[in-house]
Amino acid sequence: MSSAEVADNSVDPPAKKRKLNTGEAHSNNSAMANNGARVEDEIDESLYSRQLYVLGHDAMRRMASSDVLISGLGGLGVEIAKNVILGGVKSVTLHDDKNCTVADLSSQFYLSETVIGQNRALTSCEQLSELNHYVPTTAYTGPLTEDFLRKFRVVVLTGASWAEQERVAAFTHANNIALVIADTRGLFSQVFCDFGPEFTVLDVNGENPVSAMIAAITQDYEAVVTCLDDTRHGLEDGDYVTFSEVQGMTELNGCEPRKIKVLGPYTFSIGDTTNFSKYIRGGIVTQVKMPKKINFKPLSESFKQPEFLISDFAKFEYPQQLHLAFAALHKFQAGEGRLPKPWNDEDVAKFKLYVKTVLEDGLYKDEDFEVNTELLETFCKISSGDLNPMNAAIGGVVAQEVMKACSGKFHPLVQWLYLDAIECLPKDHSTLTEENCKPVGSRYDGQVAVFGREFQKKLGQLKYFIVGAGAIGCELLKNFAMIGVGADGGQITVTDMDLIEKSNLNRQFLFRPYDVQKPKSSTAANVIKRMNPAVNVLAQENRVCPETESVYNDAFFEALDGVANALDNVDARIYMDRRCVYYRKPLLESGTLGTKGNTQVVVPFLTESYSSSQDPPEKSIPICTLKNFPNAIEHTLQWARDEFEGLFRQAAEHAAQYLQDPNFLDRCLKLPGTQPLDAIESVRNAINERPHSFDDCVIWARHHWENQYANQIKQLLYNFPAKQLTTSGAPFWSGPKRCPSPLAFDPNDELHVDYIVAAANLRATVYGIPSCVDRENIAKLAASIQVPKFSPKSGVKIAVSDAQLQQNNDEMDQDRVKNMIAELPSPSKLGSLKITPLEFEKDDDTNFHMDFIVAASNLRATNYKITPADRHRSKLIAGKIIPAIATTTSVVAGLVCLELYKLAQGFNKLEVFKNGFVNLALPFFGFSEPIAPSTNTYNENKWTLWDRFEVKGEITLQQFLDHFKNEHKLEITMLSQGVCMLYSFFMPKAKRLERLNLPMSEVVTKVSKKKLEPHVNALVFELCCNDDDGNDVEVPYVKYTLP
């Protein structure tokens, strides 16, 4: 489809026919070839980039041909609609026959007091349609007739009566239309899915196919494949695999997928290979994703024989009970014409009769079932509640199910999910009276129905700090505003230093295209003020780090009730975690990775902190693998990134410093190992070989191409010929070592020219030379350049392992360094020469950065016969992009705010708090109690990370040492503050004596050579101590409060 074509959609009004492309094509297209990418004309990658890494192009295309109906535009319906529209389906129709009431304002963030009495779908439609101009969004207020339903691929019902659910469900099942039914009632929720009698899942989990290198394959009836022992194969029983690059048993190469049985972490069986040739060596095994067919039961049948997804194994019996409770509630509504009144005992008695009716109608008749009376009574009492956090969480879940129905990507929910957060209620219900919880015409009535009016006042008085206004930050801000945090004397402070980018719009739903390049924090704050005008929100644009501790100081933190992190990196999370531990403030932590999400609640003195447990560090690629022995596209992409950094940032940085800093050479010579040689050589080359025109840049790029993709490979093969054997007689080029072959430059090869164009333009940018995108002329010039003939040299050392590389790097040629310095012209002779280092930026398609990375990586992949990667995948790997989707963000932000309810009530029992992990692709939900902080002991005193020693008022170092000796029976052997060692038992005596009589603050300023900032009211000291028996003991830190 060309960018001018329009998608025909029978549901769209004629004026809203939909263009499927922004027309913002890659602006270097005239200069750059496709770099191995498929031309995805119909998907705007600049908008959907992070979601594309979750779903893929094929799934997104299937979604873009699916029309979706969402019925019921209350708090849950609007959450579902928001996420589905952001996801990028063909069209969304919003259906509702109800008018807005003040009760809707509890959680429907696109309604306001000015639209009370108007239809909910009509009044929400305009704001929802602004979320994604690729998704035509229309409102419909008529009945859901069969002719109308027939137009849709997916139908979602929220807030529908049981009779309506049964009627619609019978029709959708018979017509192969996917149906999702969802409801939230206070702290309880229900989701039902029916995607038809024969639904095909194309990718069950969305994980990348596993691949491994082969060491051996037996010739047997149940042949065993053994993988190289450097990594586990990662396959599971029942997986399907195919093979490539196998030598000897070539029949396996490109074979039909074979089912495997796992025998161990490095072995699996593949069936009969007795008729195949004998295995010689090599080969790669790759997992094949196989489609899975699911037979969904219709609602009428599934209701009687429900299949539940367990969301919390601590509540294993709850789904059965809640299945009954929701059915009884439907009967109550049908019989009484309303929902039960909050915390009303008369309605509880009526509700129990309806429960009895449902059981008498045959539910669970063949099972040993016992009603959990207490649970069902609580359900009835809060069933009229409408809680934004529960709607946010379930809205994310349901929207993901809609996307599954449209795309066949990920495993659907089969078929019922019941998720509750009953532990948000206090154990003592005495304050939760009918009088305290009845509706009074307030926007918070839906929340008051569950928790009472006193709790609503507490929420309004809270002072919270939200760190980050990105995807999770937007959701948290919306949730905080809707539940009334900071709306009655309190305050929300939000900080984010970033500006809005186009790629943010796909999941940071508070922003619009016209907000691009505006600050995130203030833009988000203005939007939530419209959602709830009473909310008091202060927006800032500061980074949280030691440099801003004058802003986020003692007074700021001590006034807070808690912190909610919405950060995108571990370092900032750890920093905020340490601040919360120091100030003893609760922390709400969350994060997402594609369809995976996690939440953690940190409660002072009750739980461990975020930093108490961390993921293992990422496995790094050995340098030798990158330099000479790559075997995967990840290796060539990292090599290309290193090339970019070396050629266009580091060398340029060194040269710029040489021009500006007269002490640069002196500093260089003090660097360890061979670093001085490398730095000075890069300066000499950057200055002495600087280009004076764009043609010079092309000539440099052509010579560099020859060196990287021909000469270096020829030298490597000279050192290690293709048929070389190791000392044990095995082929050198085997296993993970792939034998390369040099390339010959071809001006007609798009990839070769891509590299020249990108490299020449980047070099031109460094030196301030105007760029050129005339691809034809650049190719002609490159073809005309005569490159010197290369002859491999003997005596060149090439390390086979990182250990060898280290040995080779130990010595530096001092004479060579002196000669290079002598060759450097002095900065004064270089006139107005300006050299600008380039900072890698993956999301700007006009800057040639990704063009260079893709071309450089794929050329090297060609050298080593590695399958190249298209631009989209290359950007993911080289740019270290975190895949993201709005649905997961919505879920984790909802779960976080359920924990906020508990913190705001002052709960102090570990078992009521929940850390959550979700994977919407599977789908999987796991909740666990937070871990208690680990306990340490000194002199029979127990302590955790939340404890510390407090010393107030200025004392000398000697008095400080004596204080710990006398008061705590601890002999301080070492004392530090930050990175400064203030005292140690091995310190020279004169230095020790000099410091002992100084006040502690003076010791700190003397050693650190820095003045104490005016905002510093206390110092933190770390101690190493011996106890009375002379044993080294771990002790808490010291908070030393200045007078």
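Which residues make the nonpolar surface patch of about 510 Å²? The points below take that up, then turn to strands and one helix end in this predicted model.

1. **The nonpolar patch.** Phe 313, Phe 316, Phe 917, Leu 922 and Phe 924 make the patch. Its area is about 510 Å². The residue numbers run from 313 and 316 to 917, 922 and 924.

2. **Phe 917 within the patch.** This patch member is found in strand S26, residues 915-919. Its relative accessible area is 36%. Phe 917 counts as partly exposed because that value lies between the 20% limit for buried and the 50% limit for exposed.

3. **The seven-stranded sheet.** An open sheet is formed by seven strands. Their order is S13-S12-S16-S10-S11-S15-S14, and the pairing is antiparallel. Strand S13 (258-259) and strand S14 (261-264) stand at the edges. Each has a single partner strand, so one side of each is left without a neighbour in the sheet.

4. **Inside that sheet: S10 and S16.** Strand S10 covers residues 211-217, and strand S16 covers residues 284-288. The two run antiparallel and are joined by three bridges. For a residue-level check, look at Met 213: Ile 284 in S16 stands opposite.

5. **Strand S31, burial.** S31 spans residues 971-977. Is the strand mostly covered or mostly open? Mostly covered: of its seven residues, five are buried.

6. **Strand S31, partners.** S31 pairs with strand S33 (residues 1018-1026) over five bridges, in the antiparallel sense. Here Met 974 has Cys 1024 of S33 as its bridge partner. S31 also pairs with strand S32 (residues 980-984), again in the antiparallel sense, over four bridges. In that pairing, Gln 977 stands opposite Cys 980 of S32.

7. **The S31-S32 hairpin.** How many residues lie between the strands of this hairpin? There are two. Gly 978 in the hairpin takes a positive phi, near 60°. When you go through the backbone torsions, this is a glycine to look up.

8. **Asn 719.** This residue lies in helix H23, which covers residues 694-719. What does the side chain of Asn 719 reach at 2.7 Å? The backbone oxygen of Val 796. Val 796 is also among the residues that Asn 719 touches, once residues up to four places away in sequence are left out. The others named are Gln 724, Lys 793, Lys 797 and Ile 798.

Terms used. Residues numbered from 1 in each chain as written. Predicted model: local features only at pLDDT ≥ 70, side-chain atom pairs only at ≥ 80, totals over all residues. Heavy atoms only, no water. Pairing = 2+ DSSP bridges. Buried < 20%, exposed > 50% of the residue type's maximum accessible area, 1.4 Å probe, protein only. Polar contact = N/O pair within 3.5 Å; in protein donor to acceptor, adjacent residues only side chain to side chain. Contact = heavy atoms within 4.5 Å. Patch = residues over 30% accessible without salt bridge, like charges linked within 9 Å, V, L, I, M, F, W, Y side chains within 5 Å. Areas by Shrake-Rupley, 256 points an atom, 1.4 Å probe, with all protein chains shown as cover. Salt bridge = Lys/Arg side-chain N within 4 Å of Asp/Glu carboxyl O.
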